[in-house]
Amino acid sequence: MTRRLMMGAAVAALSVTVAPAAFADAHGGYTIGVSNTVQGNGWREEMICAMRAQALVEPDVTGLIVAHRNTDSAGQLEDINNLIEAGVDAIVLNPSNPDALNSALEAAMAAGIVVVAVDAGVTAEGAYILSNNQEEYAYLGARWLFEQLGGEGDVVYMRGIAGVSADTDRDNGFRRALAEFPGIEVVHEVFTGWQQDQGKQQMFDFLATGIPFDGVWTSGIDNVIVDAFVESGAPLVPIVGADNAGFVQYLTTVEGLQGAAVTNPGSVGGAGIALAVDILNGEAPDSTTVLVDPVLWENTTDEGRATIMAAQNPNLDPEWPVSVSIPGWTDYTMEQIIACEGPGEG
Amino acid sequence: MSFVRKNAWTLGLIALFFVLLGVTRLIQPSFGVSGLESLARAALPFAFATAAMAVVVIVGGIDLSVASMMAVCSVTAAVLMQTMGGVPAILITLAVGALMGLINGVLIVVTRVPDIVVTLAMLFVWEGTALLILNSPGGAAAPFLREAIVGSVLIDGLPQALIVMAVIVALIWVPLKRSKLGLAIYATGSDENAAFRSGVAVGRTKAAAYAFCGLFSAFGGLSLLALTGIGEPVPGPYLLAAVAAVVLGGVTLGGGIGGLLGPIIAVFILRIIRTILTLAAVDPNVTTIVEGTIMVGVVMFGAFLMMRGRGPT
């Protein structure tokens, strides 16, 4: 008998430790649930911090519940169902798969919960999708590169992973820019697999062939391409990359490098929170798919250089994309996203 | 009294589960039928992974490839269901699971390489196999499979997913435990030499236990497919969760002691703890620490009770 009593005592002690957190439950205002399945990746961490910071500055949001762990689709289903049970008003998620989560997302929408998928799409009817405009991402950078070359020249085209939707979208944008500049020729097209070492080796290999070219477009594997030029002693050509901290730093520090960084912000998560609040306030957009347009930072003009210098911050995690906010969507300050604190979190 | 004493650990776990259920209601008064249903659904893959692990732990082994076998079974079924009916696809998947488990077991018995090494190696083999079958998430699930785990049966709040799981586990485990093979599994787990000298075919028993582990893993893979509707080739976080639930469920890691009921209740305890932590909006980085702390706390408390029980009270 004593055993069972002691078990009871242990259980009671356990309940006491868990119970106080219950007061995080918000009254009045909106509570927003967040679900993400990749932990420890710079882009995703920036996304989470942008969500927290945006929720903090949204006056209507009083609570944020973040389910953020490394798991599979079944685990994300569990998290979404738990968020539904928690009675959130909206769920903002980075989906692990476009099809796998529909059962929970449909249950959420049936319960009147607003669903916003950021970064990638979901196929559930009625869910809003907010992501970076990947086609525009490629178009902006490619157009800048082709203009830089005076509309005439040979370029190396370094893509991501074949068959991935972001790569396909970017290819469409690149081809669109290419069609506008008939004098531009793609002399070499490779898939980097979005792997730093692979992309660098591919550039070494191509430099070794001695085939002349005038510019490089990369799908975000950028700073190692600069390294390849510098290490092999080849003269630098204009290079387009993403707003990864390493590349952005090179744009201001590498002698003779002309280049541009196109933003692919993880802060799209913050925009997702802003969109969810808009929808809750009855200001839903006309289309359920919202694309965030990237911006281009180049280092060939004083104005461009000033923008790059302003974007850099020594307190920023080096793994994060440098663009920590999205004009027109996010309202937090750089300090707030670095602090990474949301409203009503335990 | 002897029933209580014999099943003290399991009864304690059940009590703990109901207390945690109470805590959940305290935090979220609206937690009800739908909450129980989604809890049971979330527990499904973990329950099968735990059952799989428990069988080999009872025989005195361990299988690190459980999550990978689940992934193979989930993609196998997802691919098969695109072209054939659900029932044959399920039967083939179960056979594939049992075969994978049998291969693990035979390798361990024949090569005499330690189980932890063999199954660690097979973890990678099965992981690669899953990617060969389907290199990115896809495939399809038969509608009846998806519906089998939705809703309640008989009364509201008795989740169908729970009943499906309980029936499957009971149909396999109860006859097995009462059979000669079941006895041999427990005997081998408690003392391999003694079992051998008593005439137990130790090698065959072990191989069979691993085959049952593969079979339960196949059910785990099917439950993943039922949950998501697609096959995912990359294994989920089921291996360590299964080991944790087995230990928390009162199965001794050395083998020979414990059953499947305790570990499966432990699965529900671990799932409801996550639900509570989500409902209470606890920082996600703290969540895993809390989960681990509770687990080690409960097991330590159990060991403390055992020690007291042995004392001269």
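## Helix packing in chain B and selected residues of chain A

G220(B) lies in helix α11 of chain B, which covers residues 202-228, where helices (H or I, at least four residues) and strands (E, at least two) are DSSP runs numbered from the N terminus. The model is predicted, so that local features need pLDDT of at least 70 and side-chain atom pairs count only at pLDDT 80 or more, while totals for chains, interfaces and linings use all residues. Residues are numbered from 1 along each chain as its sequence is written, and chains are lettered from A and ligands numbered from 1 in the order in which they are written.

With 29 C-beta neighbours inside 10 Å, G220(B) counts as buried; a residue is buried if 20 or more other C-beta atoms lie within 10 Å of its own, exposed if 12 or fewer, and partly exposed in between, with C-beta atoms placed from the backbone. Not counting residues up to four places away in sequence, G220(B) touches P45(B), F48(B), A49(B), A52(B), M70(B) and Y238(B), a contact being two C-beta atoms, placed from the backbone, that lie within 7 Å. The C-alpha atoms of G220(B) and V66(B) are separated by 9.1 Å, although the two residues are 154 apart along the chain.

Two packings of helix α3 (residues 33-58) of chain B are set out below; axes are lines fitted to C-alpha atoms, for helices over the stretch in contact, and angles run from 0 to 180 degrees between N-to-C directions.

| Helix pair | Angle | Axis separation |
|---|---|---|
| α3(B) and α4(B) | about 125° | 10 Å |
| α3(B) and α12(B) | about 65° | 8 Å |

The crossing of α3(B) and α12(B) is right-handed, the near helix being turned clockwise from the far one by less than a right angle, whereas an anticlockwise turn would be left-handed. Its residues include F46(B), T50(B) and V57(B) of α3(B), together with Y238(B), A242(B) and V246(B) of α12(B). The residues of this contact divide into 13 nonpolar, 1 polar and no charged, where Ala, Val, Leu, Ile, Met, Phe, Trp, Tyr, Cys and Pro count as nonpolar, Asp, Glu, Lys and Arg as charged, and the others, Gly among them, as polar.

α3(B) also passes α4(B) in a right-handed crossing. That contact is made by P45(B), A49(B), A52(B) and M53(B) of α3(B) and by V66(B), A67(B) and M70(B) of α4(B), and its residues divide into 7 nonpolar, no polar and no charged.

In chain A, the secondary structure comes to 12 helices and 12 strands, and the C-alpha trace spans about 85 × 45 × 35 Å along its principal axes. Buried residues make up 52% of the 346 residues in chain A.

Y250(A) lies in helix α9 (residues 245-253) of chain A and is buried, with 22 other C-beta atoms within 10 Å. Leaving aside neighbours within four places in sequence, Y250(A) is in contact with N223(A), V226(A) and L257(A).

Most residues other than glycine have a negative phi. D119(A), in the loop between β4 (114-118) and β5 (128-132) of chain A, has a positive phi of about 75° although it is not a glycine, and with 21 C-beta neighbours inside 10 Å D119(A) counts as buried. C340(A), in the segment after α12 (334-339) of chain A, likewise has a positive phi, near 60°, but C340(A) is partly exposed, with 16 other C-beta atoms within 10 Å.
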